[in-house]
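Work through the exercises below with the sequence and the model open. Try each task before reading its solution.

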Amino acid sequence: MKIVAIGGGSIGRNGYEYELKSIDEEIVALTGKPNPRLVFIGLALVAGEYVDGYFDKIDENFSALGCKCEYLKESFLPDRDRIKALIDNADIIYVGGGNTLRLMNLFKRYGMVEILAAAKDRGCVMCGVSAGGICWHKFGNSDSRKFTSESLQLIKVSGLGFIDALYCPHYDTEPRRQPDLERMMKRTSGVALAFDNCAALKIDGDNYEVLKCKDTAKARKCFYRNGKYTVTELENSGTVTELTAKP
């Protein structure tokens with residue numbers, strides 16, 4: 001299993017600094033190939049110019065790192081064979097940010113859960129930012145309501161379950177993340193993994209590593225034990241078993 005779940009940060013759109021370059025380099029290196037094939041999935045956002053521009057920037061960034069980039073468009077969704085062919089030939093699956101609940105509903109509705117699981121099992125690098133980091137986990141701390149009802153309260157969304165934990169992105173930059181994660185974990189067994197912008201969880205087989213493209217970025221493990229909520233900073237590396245277990 002090869003996963004890179006990014007807590008947030010700029011890909012360099014609209015004149016902003018390209019913060020995630022060193023993490024993107026790690027994604028490419030994880031394939032072990034000089035010219036890997038990347039498939040971008042932007043289904044967490046409604047199809048349109050914004051999503052097309054998102055792909056264009058991912059294409060620009062990863063083409064510079066030697067990748068051949070392809071775009072799994074929302075219009076492809078009724079054609080399961082076309083989706084499967086794209087994903088089966090990918091070395092990297094990159095899922096963009098947005099509405100995690102929408103993303104997971106589309107994955108389930110169009111038979112993509114099994115296709116993505118097969119890609120993971122054959123060693124494809126599964127990665128993405130925000131919603132694209134949450135989706136690989138059992139659960140996520142998600143702002144999906146703001147896309148439909150403008151509610152700021154965060155909700156727990158079920159992911160693909162490749163990593164047995166709840167993933168919280170943007171822990172340092174979005175004010176509701178921390179209190180809503182604590183509330184969420186009162187009713188969630190196991191652990192949450194809370195990542196700042198410019199920090200990412202890299203999993204390679206049985207081992208994990210915390211990647212950072214900013215010195216101040218942090219990653220944490222959060223859980224309840226005996227009625228007490230505990231937040232501890234993650235070690236820079238270790239085993240996946242240690243990552244997903246309460247200390």
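Contact means heavy atoms within 4.5 Å. Helices (H or I, at least four residues) and strands (E, at least two) are DSSP runs, numbered from the N terminus. The model is predicted: local features need pLDDT of at least 70, side-chain atom pairs count only at pLDDT 80 or more, and totals for chains, interfaces and linings use all residues. Residues are numbered from 1 along each chain as its sequence is written, and side-chain values use heavy atoms, with hydrogens and water left out.

**Exercise 1. Describe the surroundings of helix H4.**

Step 1. Find the buried residues, where buried means under 20% relative accessible area, exposed over 50%, and partly exposed in between (1.4 Å probe, protein chains only). In H4, which spans residues 100-109, Thr100, Arg102, Leu103, Met104, Leu106 and Phe107 are buried.

Step 2. List the packing partners. The buried residues of H4 pack against strands E2 (37-41), E4 (92-95), E6 (137-142) and E7 (155-158), and against helices H5 (112-121) and H6 (131-134).

Step 3. Inspect both ends. At the start of H4, a side-chain oxygen of asparagine 99 comes to within 3.1 Å of the backbone nitrogen of leucine 101. After H4 comes glycine 111, with a positive phi near 70°.

**Exercise 2. Locate the nonpolar cores.**

Step 1. Apply the definition: a nonpolar core is a set of buried Ala, Val, Leu, Ile, Met, Phe, Trp, Tyr and Cys residues joined through side-chain atoms within 4.5 Å.

Step 2. Take the largest core. It has 51 residues, and Ile41, Leu72, Ile93, Phe107 and Met112 have the most contacts inside it. A second, separate core has 26 residues, including Tyr54, Phe55, Cys67 and Cys69.

Step 3. Look at isoleucine 93. Leaving out residues up to four places away in sequence, isoleucine 93 touches Val39, Ile41, Ile87, Leu116, Cys124, Val125, Met126, Cys127 and Trp136.

**Exercise 3. Check the cysteines for disulfides.**

Step 1. Set the cut-off: a disulfide is a pair of cysteine sulfur atoms within 2.5 Å. The whole structure has zero disulfides.

Step 2. Test cysteine 69. The closest cysteine sulfur, in cysteine 67, is 5.4 Å from that of cysteine 69, so the two are too far apart for a bond. Cysteine 69 is buried at 14% relative accessibility.

Step 3. Test cysteine 135. Its closest cysteine sulfur is in cysteine 127, 9.4 Å away, which is too far for a bond. Cysteine 135 is buried, with a relative accessible area of 0%.

**Exercise 4. Analyse the salt bridges, beginning with lysine 202.**

Step 1. Define and count. A salt bridge is a side-chain nitrogen of Lys or Arg within 4 Å of a carboxyl oxygen of Asp or Glu. The structure holds 15 salt bridges.

Step 2. Place lysine 202. Lysine 202 lies in strand E10 (residues 199-204) and is buried, at 14% relative accessibility. Lysine 202 forms a salt bridge with glutamate 26, the closest N and O atoms being 3.3 Å apart. The pair links distant parts of the chain, since glutamate 26 is in helix H1 (residues 21-31), 176 residues apart from lysine 202. Glutamate 26 is partly exposed, at 28%.

Step 3. Compare two other pairs. Glutamate 70 and arginine 37 form a salt bridge with closest N and O atoms 2.8 Å apart. Glutamate 70 is in strand E3 (residues 68-72) and arginine 37 in strand E2, 33 residues apart. Arginine 176 and aspartate 180 also meet in a salt bridge (3.0 Å, N to O); arginine 176 is partly exposed at 38%, whereas aspartate 180 is buried at 3%.

Step 4. Look for shared partners. Salt bridges join Glu26, Lys202 and Glu209 into one network.

Technical notes:
A polar contact is a pair of N or O atoms within 3.5 Å; within protein, one must be able to donate a hydrogen and the other to accept it, and residues adjacent in sequence count only if both atoms are side-chain atoms.
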